[in-house]
Amino acid sequence: MGTVAAAAAALVVTLAACGGGSSSGSAGAGAGTGTGTLTLGALVPPTSLAAAGANWANEAPYIQAVYDSLLHETPDAKILPWLATTWSYNADKTVLTMKLRTDVKFTDGEAFTADVAAKNLLRFRDGTSANKSFLANVKGATATAPDTLQITLTQPDPALLTYLAQNAGAMESPKAFGAADEKTKPVGSGPYILDTGKTVVGSKYVFTKNPTYWAKDQQHYGTVVINVYSTIATQVNALRGGQVSGLNLADNSANDQLKAAGIQLFPHELDWTGLILFDREGKMNPALGNVKVRQAINYAIDRDAMLKAVDKGNGTVTGQIFGTNSPAYDPALDTAYPYDKAKAKQLLAEAGYGSGLTITLPQFNFGATTVFDLVKQYLGDAGITVKYEQVAANDAIAAILAPKYGASWFRLQQDPTPWQVANFEISSTATFNVFHIKDPKVDGLIKKIQTGSDEEAGTAAKELNKYVVDQAWFNPWYRVAGNFAADKKTDVVQQSDNAYPYLWNITPKG
Amino acid sequence: MFRFVLRRLGAGVVLVAVLSTLTFLLLYLSGGNIARRILGQQATEDTVLQKKHELGLDRPLLTRFGDWVSHAAHGNLGDSWFTGQPVSDAISSRLAVTLSLVIGATVVSAVVAVVLGVVAATRRGWADRLVQFLSVLGFAIPGFLVAIGLVTLFAIKIHLFKPTGYVQFGESPTQWLSSIALPVIALSVGGIAGVAAQIRGSLLDALRQDYVRTLRSRGLSERRVVYKHALRNAAGPALSVLAIQFVGLLGGAVIVEQIFAIPGLGQVAVGATGQGDIPLVMGLVLAIAVIVVVVNLAVDLLQGWLNPKVRVS
């Protein structure tokens, strides 16, 4: 037994000497030095590393590592030049002309030209990305000169420039178009190159510095590693063990633990959550067609209490679906419907439902059950009986879009431009206007947003927001705060319109 | 012996064939529009039909199965529908990782179980009761709970092991050991319990036999009696239990790989089955079936070596 014990002791000592927990490489001497390793965590692996199939949100860092986009965004979503240096619309905003850089080469030696840019745009429009509809209004794209790109639209699109700063504007080398391994071996002009030898598809992506990159001051590290951590437990362990420098937390349950361990948290409000009152014409439930009933619902729910109970206070109470950076935002609207049970009951009585009414809502098996219990309780107190139907996570979107329900709890992104929000949730063809309700006043305002000058569009957006709140099309409770966690030697600036910070805004501290 | 191995291999091939066929049918016949599921709700009907044709879903089931079999026989398992990566690459790059975990857990289980079983059977008394108690505990506590506790204690509070990730053996043997230590321990907990109990029981039986009394009377040390003779006879049933545990470990590896962010087969299995990535799932089922057949064959051979009576069957 003596030799066994000695061997065991030796093993333990060896492991302790070179055991885990070592930090990920040395930090660079400052932003833009391009040395050192940045290890990031992501919730999901990239669906496709081909530009024409690229997704965004939590997959943005993968795409930004290898590809340049035509434009860039500031952290608060203002447009900046990038591969495109200047641009202008024609009078009716259906033709966008962009002047491009001429000094950019892809990592395989191919030159970046207007023709290459045009091809990339059309491939994205016709490709497999979940966001291909970003370029749905693009009728055509051509090169009118080697450095001039012309995009023609079927109608004005105020969100186009934003999309061109994201996955829709990602530029891939023409030699890689249609390659057999296009989805796993990307060829771009971006700050880093994928190291396919060290990469394990689905788990770990290793990128090394692009030695011929044209914007060297945006290359903050020599190597970028993105690991996939799919559960909060794994994320917390990786952070506390010093194995990762930054990641987007899956939820807020470990915030206190992480703060105590010296991890920095960068909060970020991207989504609003609350009820969407779809059936504004009363097709499924006549009661919901009455504005007083919808307003009653808004008065009946205690937003502060919801925020505390469901998301532990991580967020800010709101009464509108537009975000604080949007031209449509009006702080006054946040207090349009204070919590007032009596007022709710009064409105219901005025609408003819003094003796009560029943509505059917879907109950999802994701999201905390607290939400559904509380909604039932608050609405019940005001005289509205809630009947729940169980809906599995996989069927949630399909059931909502069918449409199967007159109203539902949900959580949606607050896009930076009113045009995006209108097309996503308000217009007659909007995804989340599931009954495709047409409202002439709304249509008129959306038209102004689409075609008007910046000032006209801004005024129209504010009017639209006020109208939607007055008419109680939604019952927003609060903006949910997500957090990006980073270690002490990393600095992060959150991106107002994306779940994940943009790669160039993650820098070594000091 | 040769015929024994050949027969076992034959049975293994039949098993793999049956498993592949059943899985194929289950995956393709489970209903739902596969092309639409891949493209999402927003896709147009045209794109869906295009995708259907691209994936060969508009051909008859039997033709598709025939194609899969003939390609698989040449080592071509197709490409993942979601990442585009060749399935054989996806599996081969991860096979070694999962095997490190599972074989490691098996070895650790076996060694610890033998020690515990022997202590229980030879010392009796309080040691025996302690081991039995630990066995029940090992059965009852889920592996991932142990895993989470271990990480907090041994990887974060004390920087003894790595909290997440996997380092290849080729890169650094010590770092490799450090990265699999906690996952292996988490996986072993359940395995130890079953095997230790089995060894204890079989060893008690063996020690009661006449030949043991004879060996003792001839002056053999107790250590030789137990380890060289009695244990060898008691090992048979324990080995069978271990083989069954091994298969269970493959399933346990799925959870452990998620928690420790280890790029093994388990991690990709969760994603592939959740998304309905049929080529990848078929590849995984094939790989796992082959592993199970090989392990069972190895265990049978080991049984044969331990106990010559088993060889004649």
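This is a short talk on a predicted model with chains A and B, covering the fold of chain B, the core, the contact between the chains, and a few places in detail.

I'll start with confidence. Chain A has an average pLDDT of 90, and 93% of its residues score at least 70. The exception I want to flag is residues 1–31 of chain A, where the pLDDT is below 50. That stretch still has 49 contacts in the model beyond near neighbours in sequence, and I'll leave it there.

Now chain B. It has 13 helices and zero strands, so the order of elements from the N terminus is simply α repeated, by the way helices and strands are assigned. The C-alpha trace spans about 85 × 55 × 35 Å along its principal axes. Of the 313 residues in chain B, 36% are buried. Taking contacts between residues at least 6 apart in sequence, 73% join residues at least 24 apart.

Next, the core. The largest nonpolar core has 205 residues, and the ones with the most contacts inside it are Leu277(A) and Leu182(B). Helix H8 of chain B, residues 173–207, gives the most to this core, with 17 residues. What does Leu182(B) touch, not counting residues up to four places away in sequence? There are Ala147(B), Leu150(B), Val151(B), Phe154(B) and Ala155(B), and then Phe161(B) and Phe260(B).

On to the contact between the chains. Chain B puts in 32 residues and chain A 33 residues. On the chain B side, helices H5 (87–123), H7 (143–157), H8, H10 (222–259) and H11 (265–275) each supply at least two residues. H8(B) has the largest share of that side, with five residues. By type, the side of chain B that touches chain A divides into 14 nonpolar, 17 polar and one charged.

Staying with H10 of chain B for a moment, Gly248(B) lies in that helix. Gly248(B) counts as partly exposed because it has 15 C-beta neighbours inside 10 Å. Its C-alpha is separated by 26 Å from that of Ala155(B), and the two residues are 93 apart along the chain.

Now over to chain A, and a loop. Val434(A) has its place between helix H12 (418–426) and helix H13 (440–451) of chain A. Is Val434(A) buried or partly exposed? It counts as partly exposed, because it has 19 C-beta neighbours inside 10 Å and 20 would be needed for buried. Leaving aside neighbours within four places in sequence, Val434(A) is in contact with Phe278(A), Ile400(A), Leu401(A) and Pro403(A). Leu379(A) is 55 residues from Val434(A) in sequence, and their C-alpha atoms are 23 Å apart in space.

After that loop comes H13(A). H13(A) has twelve residues and reaches 16 Å from its first C-alpha to its last, close to the 16 Å expected. Which residues of H13(A) are buried? They are Val442(A), Leu445(A), Ile446(A), Ile449(A) and Gln450(A). Seen down the helix axis, these buried residues fall within an arc of 140°, so they line one face of H13(A). The general background is that an α-helix has 3.6 residues a turn, so residues three or four places apart point the same way. On the other side of H13(A), Pro440(A) and Lys441(A) are exposed. The cover over the buried residues of H13(A) includes H12 and helix H14 (454–470) of chain A.

That's the tour; I'll take questions.

Key: Residues numbered from 1 in each chain as written. Chains lettered and ligands numbered in written order. Predicted model: local features only at pLDDT ≥ 70, side-chain atom pairs only at ≥ 80, totals over all residues. Helix = DSSP H or I, 4+ residues; strand = E, 2+ residues; numbered from the N terminus. Buried ≥ 20, exposed ≤ 12 C-beta atoms within 10 Å, placed from the backbone. Contact = placed C-beta atoms within 7 Å. Core = buried A, V, L, I, M, F, W, Y, C linked by C-beta atoms within 7 Å. pLDDT = per-residue confidence, 0-100. Nonpolar A, V, L, I, M, F, W, Y, C, P; charged D, E, K, R; others polar. Expected span 1.5 Å × (residues − 1). Arc of directions from axis to C-beta.
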